[in-house]
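Hi,

Here is the structure I said I would pass on. Have a look at it first, and my notes follow below.

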Amino acid sequence: MRAHIQRFFDRLSLGAKTRLMIAVMIVATLAAGGLSHLLLAALKQDYEALYGQHTLPIIELEWIKEAYAINVLDTLRDMEQGVLKTDQGQEVIALARSLIDRHWQSYQSTLERAVPTGVLGLLYRETLDLFAPSPPEALFDSTHLIAQTEMRIDRVDHLLQLVSQKFLQKETEAATALFHGDLYPAIKSAETHLGQLIDHHLESATAQRAQTEQFYQIATRILVAMVVAIVAIALWVALIITGSIRTLHRQLEEEVETKTRALRDLNAQLGRRIEREVKSSLEKDRIMYQQSRMAAMGEMIANIAHQWRQPLNALSLLIQSFGTKHDRGTLDGAFVHKQVTSGLRIAAQMSETIENFRNFFHPNRKAQMFNLHSATREAVRLIEAYLAQDHIRITLYERGELCLEGFSNEYAQVLLNLINNARDVLVESDQPNRQIAIYASGCHQGAQLSARIQVIDNGGGVPETIRDRIFEPYFTTKHQSQGTGIGLYMSKQIVEQQMGGSLSVKNIWHKMGGNKMQRCALFSITLPAAKRRDCGSEATDGGNASLCGGRGGCQGADHADP
């Protein structure tokens, strides 16, 4: 049997065992509580029964006995001896008859009310009979005795009426004879029966008290046994659950160990995979960065070719002048010296142009402090002539003296990417007054001093359908032969990953060299800055307020309307 129970519990889950234990505890607690409540109910019913069935009836019967002894017999003796007048005695006897009748009716009503009624009373009686055998039924049966007593009370009342009439009729001797011959023995008989009723109630109360005491003893034993059983069952189920918890804990430890080994292997695989992906991503970024620089180099070479066109023409004319002078025979030392000087000056200008572009493409290996406005002016100067051939005017507005810590060439590359992007849009647009404006100034973001560079063009803004995608790699609206779609992506990577800043775009309404508001694209670069005087040449103020000037915060352009 024990083995079957053990197997049954082993098949149950931990949750089922816990619920079973809780159910057993609840049922046992309810049973103990029910029995305790029954004991309290028995105590209450016992008190009510003793008081209602026996104490109150005894009180009423004692009142009747006293009424007979004091109010009736003593009054009749006083009337017989002449101590009390007839009319006064009649009043006392009438009052005594009324009191006796009232107490007798009250006695009978207490007997009717004393029996417990309702569900609780029925449960009490049934439980009492179950645990404690009832005394003999005859012990509680007082019907015959009550009937005999009532007959004697009625006879006493009848005789009192006769005696009272004799006294009223002044028949003192007849009244006295009736009193001593009939009434007095009747009263004594009624008192005897009343005493028997009182004894009967006392015996019934004693027997019922013994029955209740027996019930209490048995119920207390049952309650103690139930409490012991509850504790034993709870301990037993708790031991079973504890064993199950130990088994489950051991299984969980084994499973955790297995999962841990699997997770460790998976982490190692993921680590190797992440390392490969990081290397691949870095390689892709390096390739994209190289492509971006190559694209910028191609544009710069075109710019060099444009800037060299005029000096080359001048050198061609200078060389031709030597042949012309020689043919005419007018070639002299002064002319040769003059032309050589002019040729060297032109060669120096061309060399300076090459040096400027060589510095641009020379990569920075270490972050260093550089002047914001000097780097901005240098980038603008590199591309200014290239923009002029497309009839694009570029204007630079500067304010304050700011230094940045980072890579000046990368910053210049970002700025040139943004300017070239604006140039492509303006070339494709039908805007007759093509303009690019660059605002470079300082602003505060809380306690942090920042540099804000804004590039604005009046090419009509960025279409809303592509504005959120223009910084994605290889996204371009140009033909494949005209663009790779990595310029803006690399610009954002340089600004945010290498220089710790941010690059964003939005459309605004802005005045571009006139009073008419135009829809423009605004590319905004924010970089952490330091206010120092030893990072380069002094910046100049172009006489125009920056879009984020002073300490007003980095909130964007005036007249901005996203």
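Helices (H or I, at least four residues) and strands (E, at least two) are DSSP runs here, numbered from the N terminus. On that basis the chain has eleven helices and seven strands.

Two housekeeping points. This is a predicted model, so local features need pLDDT of at least 70 and side-chain atom pairs count only at pLDDT 80 or more, while totals for chains, interfaces and linings use all residues. Residues are numbered from 1 along each chain as its sequence is written, and side-chain values use heavy atoms, with hydrogens and water left out.

For burial I use relative accessible area: under 20% is buried, over 50% is exposed, and partly exposed is in between (1.4 Å probe, protein chains only). Of the chain's 562 residues, 38% come out as buried. Contact means heavy atoms within 4.5 Å. Among contacts between residues at least 6 apart in sequence, 79% join residues at least 24 apart.

Now to α10 (residues 408-428) and its partners. Axes are lines fitted to C-alpha atoms, for helices over the stretch in contact, and angles run from 0 to 180 degrees between N-to-C directions. A crossing is left-handed if the near helix is turned anticlockwise from the far one by less than a right angle, and right-handed if clockwise.

With α9 (residues 372-388), the axes come within 10 Å and cross at roughly 35 degrees; this crossing is right-handed. On the α9 side the contact includes Leu372, Ala375, Thr376 and Ala379, and on the α10 side Tyr411, Ala412, Leu415 and Leu416 are among the residues involved. By class, this contact has eleven nonpolar residues, two polar and one charged. (Ala, Val, Leu, Ile, Met, Phe, Trp, Tyr, Cys and Pro count as nonpolar, Asp, Glu, Lys and Arg as charged, and the others, Gly among them, as polar.)

Thr376, in α9, is worth a click. Thr376 counts as buried because its relative accessibility is 0%. Its side chain is joined to that of Tyr411 by a polar contact of 2.6 Å. (A polar contact is a pair of N or O atoms within 3.5 Å; within protein, one must be able to donate a hydrogen and the other to accept it, and residues adjacent in sequence count only if both atoms are side-chain atoms.) Beyond its neighbours within four places in sequence, Thr376 touches Leu396, Tyr411, Leu415 and Ile438.

The axes of α10 and α11 (residues 487-498) come within 9 Å and cross at roughly 145 degrees, and here the crossing is left-handed. Glu410, Gln413, Val414, Asn417, Leu418 and Asn421 of α10 meet Gly487, Leu488, Ser491, Ile494, Val495 and Gln498 of α11. That contact divides into five nonpolar residues, six polar and one charged.

Also in α10 is Asp424, which is buried because its relative accessible area is 17%. The side chains of Asp424 and Arg423 make a polar contact at 3.0 Å.

As for α11 itself, its buried residues include Leu488, Tyr489, Met490 and Lys492. Just after α11 comes Gly500, with a positive phi near 65 degrees.

Last, Glu203 sits in α7 (residues 172-328) and is partly exposed, because its relative accessible area is 47%. Its C-alpha atom is 9.4 Å from that of His54, although the two are 149 residues apart along the chain.

Cheers
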